[in-house]
Amino acid sequence: MSRGIPRVRAGECHVWIADAVRVPSLLELLDARERARHDAFVRDRDRALYLTAHALVRQLVAAQLGTGPREVVFTQVCRHCDRPEPHGKPGLADSSLEFSLSHSGDRVAVALSLAGPVGVDIEETARQPDLPQTVLAAVERAELERLPAGRRALGFTRYWARKEAVLKATGDGLMVEPALLTVSAPGAPAALLEWRKRAEPHRAVRLHDVDVGNGYRAAVAVLGDECRVVCHTARYDGDGTLRTAPAVTVTSDRC
Ligand SMILES: CC(C)(COP(=O)(O)OP(=O)(O)OC[C@H]1O[C@@H](n2cnc3c(N)ncnc32)[C@H](O)[C@@H]1OP(=O)(O)O)[C@@H](O)C(=O)NCCC(=O)NCCS
């Protein structure tokens, strides 16, 4: 059951942030493939993240399409190969609604957009992505060096969330070298500044930070015209009832 899910309108992108839950009844919303993926996780924490993200996507999408969560049909398209097994950017069959999901730590982010293809990324700041500095462009590495030493880890996470959001919006994912993209410095408003060797077709990239509170950084990218970004929180009761509310979060630092 879900209560008061807001409608996404033309030209809008909505982002929901939720804490991972272990509510067994949510499993009934998933299809056989999703359940198999869920069951394959070794760690309970990863199962909870997966379950929450995929149940939430189904419920949010279903509310927009006026259907039931189990009736939502997903597609997957890879820009880089034609291997038959499903992989690549997930989408919806027969709908202009676009979505993206991300999970990290104990939190998930889901974005729905009627403004163009969307990519969302959330990163837990306590667990630095296990990545070399070379995923950053030279100018980004230089900016990071200019930050006080104690703020560099947060700066890196901010850079990474912005880059992944862009690469998920286009569907390239990590098949494109992240260092080819330059995004704005951590303390500056989010923007894609440069993308070297970008494959056609090009669409304008609208990049926004999403305030998800301390302990996490998140960003959302939409391909197309300027759009309105609206943020919400989502919460599950113990019986699986979904409640959403306008987001009220406070991030104490600017990185
Ligand atoms: C997608 C990717 C950028 C996300 O990495 P991440 O930070 O570890 O994970 P996130 O939680 O932020 O996002 C994962 C979600 O992104 C979505 N996703 C997967 N591939 C995607 C793509 N190419 N573009 C956009 N979104 C994608 C899925 O919904 C996935 O959720 P799920 O695994 O629960 O189904 C990265 O894993 C990647 O590039 N994967 C593609 C690898 C691949 O397909 N290689 C072979 C291509 S031929």
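Modeller: In what follows, Ala, Val, Leu, Ile, Met, Phe, Trp, Tyr, Cys and Pro count as nonpolar, Asp, Glu, Lys and Arg as charged, and the others, Gly among them, as polar. The model is predicted.

Colleague: By class, what residues make up the shell around the ligand?

Modeller: The ligand has 20 residues around it, of which His54, Ser102, Glu164, Lys168 and Leu174 come nearest. Under the classes above, Glu and Lys are charged, Leu is nonpolar, and His and Ser fall among the polar ones. The whole shell divides into seven nonpolar, seven polar and six charged residues.

Colleague: Which element gives the most to the shell around the ligand?

Modeller: Two or more shell residues come from each of helix 2 (44–65), strand 4 (89–92), strand 5 (98–104) and helix 4 (152–170). The top contribution is three residues, and the element that gives them is strand 5.

Colleague: How far is an oxygen atom of the ligand from a polar backbone atom of leucine 174?

Modeller: A polar contact requires a pair of N or O atoms within 3.5 Å. Glycine 88 has a backbone N or O atom 3.4 Å from a nitrogen atom of the ligand, and glutamate 164 places a polar side-chain atom 2.8 Å from a ligand oxygen. For the backbone of leucine 174, the distance to a ligand oxygen is 2.6 Å.

Colleague: How much of the ligand's accessible area does the protein cover?

Modeller: Among the polar contacts is the one from the backbone of leucine 174 to a ligand oxygen, at 2.6 Å. On its own, the ligand has 900 Å² of accessible area, and the share covered by the protein is 75%.

Colleague: Which pocket is the space taken by the ligand?

Modeller: A molecule sits in a pocket if more than half of its atoms lie within 2 Å of the pocket's grid points. By that test, the ligand takes the space of the largest pocket.

Colleague: Which element gives the most to the lining of the largest pocket?

Modeller: This pocket holds about 1,100 Å³ of space, and its lining has 39 residues, with Arg37, Gln76, Pro90, Leu101 and His103 nearest the centre. Helix 1 (32–40), helix 2, strand 3 (74–77), strand 4, strand 5 and helix 4 each give two or more residues to the lining. By class, the lining has twelve nonpolar, 13 polar and 14 charged residues. With seven residues, the leading contributor is helix 2.

Colleague: Where does the largest share of the lining of the second largest pocket come from?

Modeller: About 170 Å³ of space lies in that pocket, and its 14 lining residues include Ile17, Ala18, Asp19, Arg107 and Thr233, the ones nearest its centre. Seven of the lining residues are nonpolar, three polar and four charged. At least two residues each come from strand 2 (12–19) and strand 12 (228–236). The largest share is five residues, from strand 12.

Colleague: In which loop is proline 201 found?

Modeller: Proline 201 follows glutamate 200 through a cis peptide bond, with omega near -5°. Proline 201 belongs to the loop between strand 9 (192–195) and strand 10 (205–210).

Colleague: What is the phi of aspartate 94?

Modeller: Aspartate 94 sits in the loop between strand 4 and strand 5. Although aspartate 94 is not a glycine, its phi is positive, at about 55°.

Conventions. Residues are numbered from 1 along each chain as its sequence is written. This is a predicted model: local features need pLDDT of at least 70, side-chain atom pairs count only at pLDDT 80 or more; totals for chains, interfaces and linings use all residues. Side-chain values use heavy atoms; hydrogens and water are left out. A residue is near a molecule or strand if one of its heavy atoms lies within 4 Å of it. A polar contact is a pair of N or O atoms within 3.5 Å; within protein, one must be able to donate a hydrogen and the other to accept it, and residues adjacent in sequence count only if both atoms are side-chain atoms. Accessible areas come from the Shrake-Rupley method with a 1.4 Å probe; for residues, only the protein chains shown count as cover. On a 1 Å grid over the protein atoms alone, a cavity is a set of points where a 1.4 Å probe fits but cannot get out, and a pocket is an open set with protein on both sides within 12 Å along at least five of seven lines; lining residues have an atom within 4 Å of a point. Helices (H or I, at least four residues) and strands (E, at least two) are DSSP runs, numbered from the N terminus. Grid points are joined across faces, edges and corners, and a volume is the space filled by probe spheres set on the points.
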